[in-house]
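Work through the exercises below with the sequence and the 3D structure at hand. Try each task before reading its solution.

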Amino acid sequence: MAVPTLVLPIREFLLSGLTATVVTFLLVGPVRVLALRLGAVAWPRKRDVHVTPTPRWGGLAMLGGVLAGVGMAYQLPALRLAFDNNASEVVGVLGAALLLAAVGALDDRYDLDALTKFAGQTTAAGILVIFGVQWTVFFVPWGGDASGESGSLLVLGQEQGVLLTVLLTVALVNAMNFVDGLDGLAAGVGMIAAAAVGLFAIGLVGRVGNDPSVYSPALIAAVLAGACLGFLPHNFNPARIFMGDSGSMLIGVLLAAATTSASGKISIIGADGTDVLALFAPLIVLAAVVFVPLLDLLMAVVRRTRKGLSPFAPDKMHLHHRLLEIGHSQRRAVLLIYLWAGLLAFGAVALALIDDPFIVLWTVGIGLVVAVLASAIPRVRAPR
């Protein structure tokens, strides 16, 4: 008797992501008009790179795309299983996304204080926890049982899991907010990160035998990547609209939800303690996906606190600003950060999914050398 072939719902995930792309792209025009009429406009400031007033609220168009992508998934028989098995998880993610998009939209118009935004971020993280999206367990390569199996499960207590989830969510939201400083930067980094998380999540689906309970992180990542892709043509230099905090915080909370949800599925993968990469795959992927924005966030916090300023005090010393200072154009600086983010994120995914890590490490190593050289040696501008 023939063994049935495992068929992953990849086309359905792609269709959901494509729906998010198209709807976001089409919504940007009306949102742009609305932002101009209601005064949600970014006026040039000393620390800004743009020199002309530009409407914000692009995140509202992205939110519309995300909701449309999830709605499309609900209409597809294969992906509806994600709602049947994890309905509360999907509802919690959408609730957190709606809350932060609303807080961000208010900030884009009225410039909310940092404490109010922080309260919104922690509340959104709390919504994720309430609906079951939180860190609960992961493998460690020590310990074991009497049968000789190496490795053990480290189970987090309720308070530990909640604290870790809230910290991760708030850090990711602020990291994406901080990195949103050049045309197309946050949208592109968000798209790359979401695509990497989605690829990893689909790999998890395959490893557990197409179990629908693992569909939700792949779905979240697919619609987020699609929304970022649909927004990017309007936002790439020269940008006609900014995503604003409504967009950057939306990306951050959805990335946090997808990575947390994917990491939580490791307990059902069945990996053993002899495969360290498999055990730590979700953590490796998570760290790589958010490395660039979190590095920028960490450097900003250290830099500002050393000067006696608030960690949220604005300045013009982010990574993208430094690339501009050494001679890169806006587009080149953005593309370089894309390169770094893509190498780290997809390199980590490849380590998790490909059996031969040496090929992956050599490939990523060569890519990193190219990235370092491209970042350190700005393009020689022709004399006028």
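**Exercise 1: The buried side of helix α1**

The buried residues of α1 are F13, S16, G17, T19, A20, T21, T24, V28, V31 and A35. The model is a predicted one.

Task: State what covers these buried residues of α1.

Solution. Start with the strands: the cover includes β1 (41–42) and β2 (54–55). Then turn to the helices: α2 (58–75), α3, α6 (185–207) and α7 (215–235) also belong to the cover.

**Exercise 2: The span of two helices**

Task: Compare the expected span with the distance between the end C-alpha atoms, for α1 and for α3.

Solution. Step one: the expected span is 1.5 Å times one less than the number of residues. Step two: α1 has 29 residues and should therefore span 42 Å; its end C-alpha atoms are 41 Å apart, which agrees. Step three: α3 (residues 77–110) has 34 residues, and a straight helix of that number would span 50 Å, but α3 spans only 43 Å.

Task: Find where each helix is kinked, α1 and α3.

Solution. In α1 there is a kink of about 35° at V28, shortly before the proline P30. V28 is also one of the buried residues of α1. In α3 the kink is about 100° and is centred on N86.

Task: Give the phi of the residue that follows each helix, α1 and α3.

Solution. Just after α1 comes G39, with a positive phi of about 85°. After α3 comes D111, whose phi is also positive, near 55°.

**Exercise 3: Buried, partly exposed or exposed?**

Task: Classify F25, P233 and T165.

Solution. Step one: buried means under 20% relative accessible area, exposed means over 50%, and partly exposed lies in between. Step two: F25 has 39%, so F25 is partly exposed. Step three: P233 has 46%, so P233 is partly exposed too. Step four: T165 has 1%, so T165 is buried.

Task: Place T165 in its helix and list its contacts beyond four places in sequence.

Solution. T165 lies in helix α5 (residues 158–179). Its contacts are V129, V133, Q134 and W135.

**Exercise 4: F25 and P233**

Task: Describe the surroundings of F25 and its relation to P233.

Solution. F25 sits in helix α1 (residues 10–38). Together with L15, L18, V22 and L26, F25 makes a nonpolar surface patch of about 450 Å². P233 is in helix α7. F25 and P233 are 208 residues apart along the chain, yet their C-alpha atoms are separated by 8.0 Å. Leaving aside neighbours within four places in sequence, P233 is in contact with F25 and R240.

How values were computed:
Residues numbered from 1 in each chain as written. Predicted model: local features only at pLDDT ≥ 70, side-chain atom pairs only at ≥ 80, totals over all residues. Heavy atoms only, no water. Patch = residues over 30% accessible without salt bridge, like charges linked within 9 Å, V, L, I, M, F, W, Y side chains within 5 Å. Areas by Shrake-Rupley, 256 points an atom, 1.4 Å probe, with all protein chains shown as cover. Salt bridge = Lys/Arg side-chain N within 4 Å of Asp/Glu carboxyl O. Helix = DSSP H or I, 4+ residues; strand = E, 2+ residues; numbered from the N terminus. Buried < 20%, exposed > 50% of the residue type's maximum accessible area, 1.4 Å probe, protein only. Contact = heavy atoms within 4.5 Å. Bend = angle between axes of the 7 residues up to and from the residue.
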